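Reader: I am a first-year student, and I would like a careful look at one part of this model, a sheet together with what lies against it. Please tell me as well how far the model can be trusted, and explain each term when it first comes up.

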Amino acid sequence: MLAKTDADDVRAHNRHAVIDHLRRTPISTRKAVSEATGLSVSAASAIATALLRAGILAEVDDDGRTVRRGRPGKALALAASAATVAIGKLAVGEVSVRFADYAGNVRGEARRDCDLSGLGRDEIVGSLLALLDEAGGKGPRPDFGKLIVAVQGKTDSGLSRILWSPALRARDLDIATPLAAATGAAVEVFNDCSLMPEAFRWTPEFSGRDFATLFIGFGVGMGLRLGGSTFQGQRSSAVEFGHINHIPGGALCRCGNHGCVEAYAGDYAIWRRAQGKVDAVPTRRISDADMHRLAALARGGESEAAAAFEEAGLAIGYGLGRVFTLIDPLPIVFTGSGAHAMDLLEPAIRRGIRESAIDGSGADTAFSIAEDVDQLIFSAATAHALAALDDRFARFAGTEIAEAA
């Protein structure tokens, strides 16, 4: 016989399988749940009934509308009202927040353009709390069980501190503790790029696959999905692809070192190379419009602009070649302002991989583009927060969850 703890683990696993199926197939049936999870129809139905009683699932018509009381349920969906999550985003020149319900629908958002560089911990926390109030509308701030803060910069493995950010002069700031105290929510702080693969957690074409996301914009950052998990370092967010050294003693990077991949491939690096200002580090963010104009010049044959994009592509390609030598080639999803110029970058990226990886391995790896980087970050953080709630809901025990294992 199974020990009680073993039986509880089996039940939690089965509940999680049902919830996960509904993440991937937003409207489903008890029979479809059984077929997708391998559970018997009776077990799938019992689990669904228990999750319905707990308010985690809802019965809906095939078009997604909630079934009226007294009518037989035709389909199942995640109950939007089961929970709310909050997302904050800190980046150069802006702070923004968003609320989402348990079904992943956006329920409120707010954004403010501002210079964060001179702010300390309390001011940053205050800015996020003010925007959370604004996003909640005229009533009281919505209750939320999870808050994810995505930060442009390096964060700690404890998911509470901003170790370094190009948006801030201050270093080593614990923002999770005061945010948790003020909101009562569980708070986690992530590097925005390292979190990006979470956006594809329930996407069929990426399911069960290793892949990377690569941001090219004000900086250059990578996220890795390996073995079914989004990679985080043991001490920090760790995936600092943009700060792999490309040319020792080379161009000045925003981080203060010389020769980083970012010093050739970040938007400011492409911009300054086209202007002939090799070591200039602009304090302002290069606008997407400016990058589009520069790309148009390169496509039109302007030599300095074309050379700037070629050098950027080579730096990225050499960096990817090194990554592929370490962990094998994998598909790449590009995002950020630089991703809009993939027609200019891709030939040089693939050349760089061929010249740096063993036997050019990975030069033919699949590339795709996620054009809206802000949406990608919010989607990734929302998915991570919802996955944590899924796990919590699957594991709670009580008389109301007593379905067959």
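Author: The answer below begins with the model itself, goes on to the sheet and its surroundings, and ends with a pair of helices for contrast.

This is a predicted model, in which local features need pLDDT of at least 70 and side-chain atom pairs count only at pLDDT 80 or more, while totals for chains, interfaces and linings use all residues. Residues are numbered from 1 along each chain as its sequence is written, and side-chain values use heavy atoms, with hydrogens and water left out. The term pLDDT stands for the predictor's confidence in each residue, on a scale from 0 to 100. For the protein chain its mean is 90, and 93% of the residues reach 70 or more. A stretch to treat with caution is residues 397-405, where pLDDT stays under 50. The model has 16 contacts beyond four places in sequence for that stretch, a contact being heavy atoms within 4.5 Å.

Now to the sheet. Helices (DSSP runs of H or I, at least four residues) and strands (runs of E, at least two) are numbered from the N terminus, and two strands pair if DSSP finds at least two bridges between them. Strands of a sheet pair through backbone hydrogen bonds, either parallel or antiparallel. Here five strands make up an open sheet in the order S13-S12-S11-S14-S15, and the pairing is mixed. Strand S13 (229-230) and strand S15 (367-370) are the edges: each has a single partner strand, so one side of each is left without a neighbour in the sheet.

At one of these edges, strand S14 (residues 332-335) runs parallel to S15, and four bridges join the two. To find the pairing in the viewer, start at valine 333, whose bridge partner in S15 is serine 368. Against the sheet packs helix H11 (residues 342-356), which touches strand S11 (211-216), S14 and S15. The direction of H11 makes about 140 degrees with that of S15, where axes are lines fitted to C-alpha atoms (for helices over the stretch in contact) and angles run from 0 to 180 degrees between N-to-C directions.

A residue of the sheet worth selecting is threonine 213, which belongs to strand S11. Its relative accessibility is 0%, and it therefore counts as buried; the word means under 20% relative accessible area, with exposed over 50% and partly exposed in between (1.4 Å probe, protein chains only). If residues up to four places away in sequence are not counted, threonine 213 touches Cys193, Met196, Pro197, Phe200, Gly221, Met222, Gly223 and Val333. Val333 is the residue already met as the bridge partner of serine 368.

From the sheet we can move on to helix H10 (residues 303-327), which holds glycine 317. Glycine 317 also counts as buried, because its relative accessibility is 0%. Leaving out residues up to four places away in sequence, it touches Ile349, Gly352, Ile353 and Ser356. Between the C-alpha atoms of glycine 317 and alanine 357 there are 9.3 Å, although the two residues are 40 residues apart along the chain.

For contrast, turn to a pair of helices. Two packed helices are described by the angle between their axes and the distance between the axes. Helix H2 (residues 30-37) and helix H3 (residues 41-53) have axes that come within 8 Å and cross at roughly 115 degrees. Their crossing is right-handed, which is the case when the near helix is turned clockwise from the far one by less than a right angle, whereas anticlockwise gives a left-handed crossing. H2 contributes Arg30, Val33 and Ser34 to the contact, and H3 contributes Val41, Ala44, Ser45, Ala48, Thr49 and Leu52. Five of the contact residues are nonpolar, three polar and one charged; Ala, Val, Leu, Ile, Met, Phe, Trp, Tyr, Cys and Pro count as nonpolar, Asp, Glu, Lys and Arg as charged, and the others, Gly among them, as polar.

In the loop between H2 and H3 sits leucine 39, which counts as buried because its relative accessibility is 12%. Apart from neighbours within four places in sequence, leucine 39 is in contact with Asn14, Val18, Ser34, Ala44 and Ile47. The C-alpha atoms of leucine 39 and valine 18 are separated by 9.1 Å, with the residues 21 residues apart along the chain.
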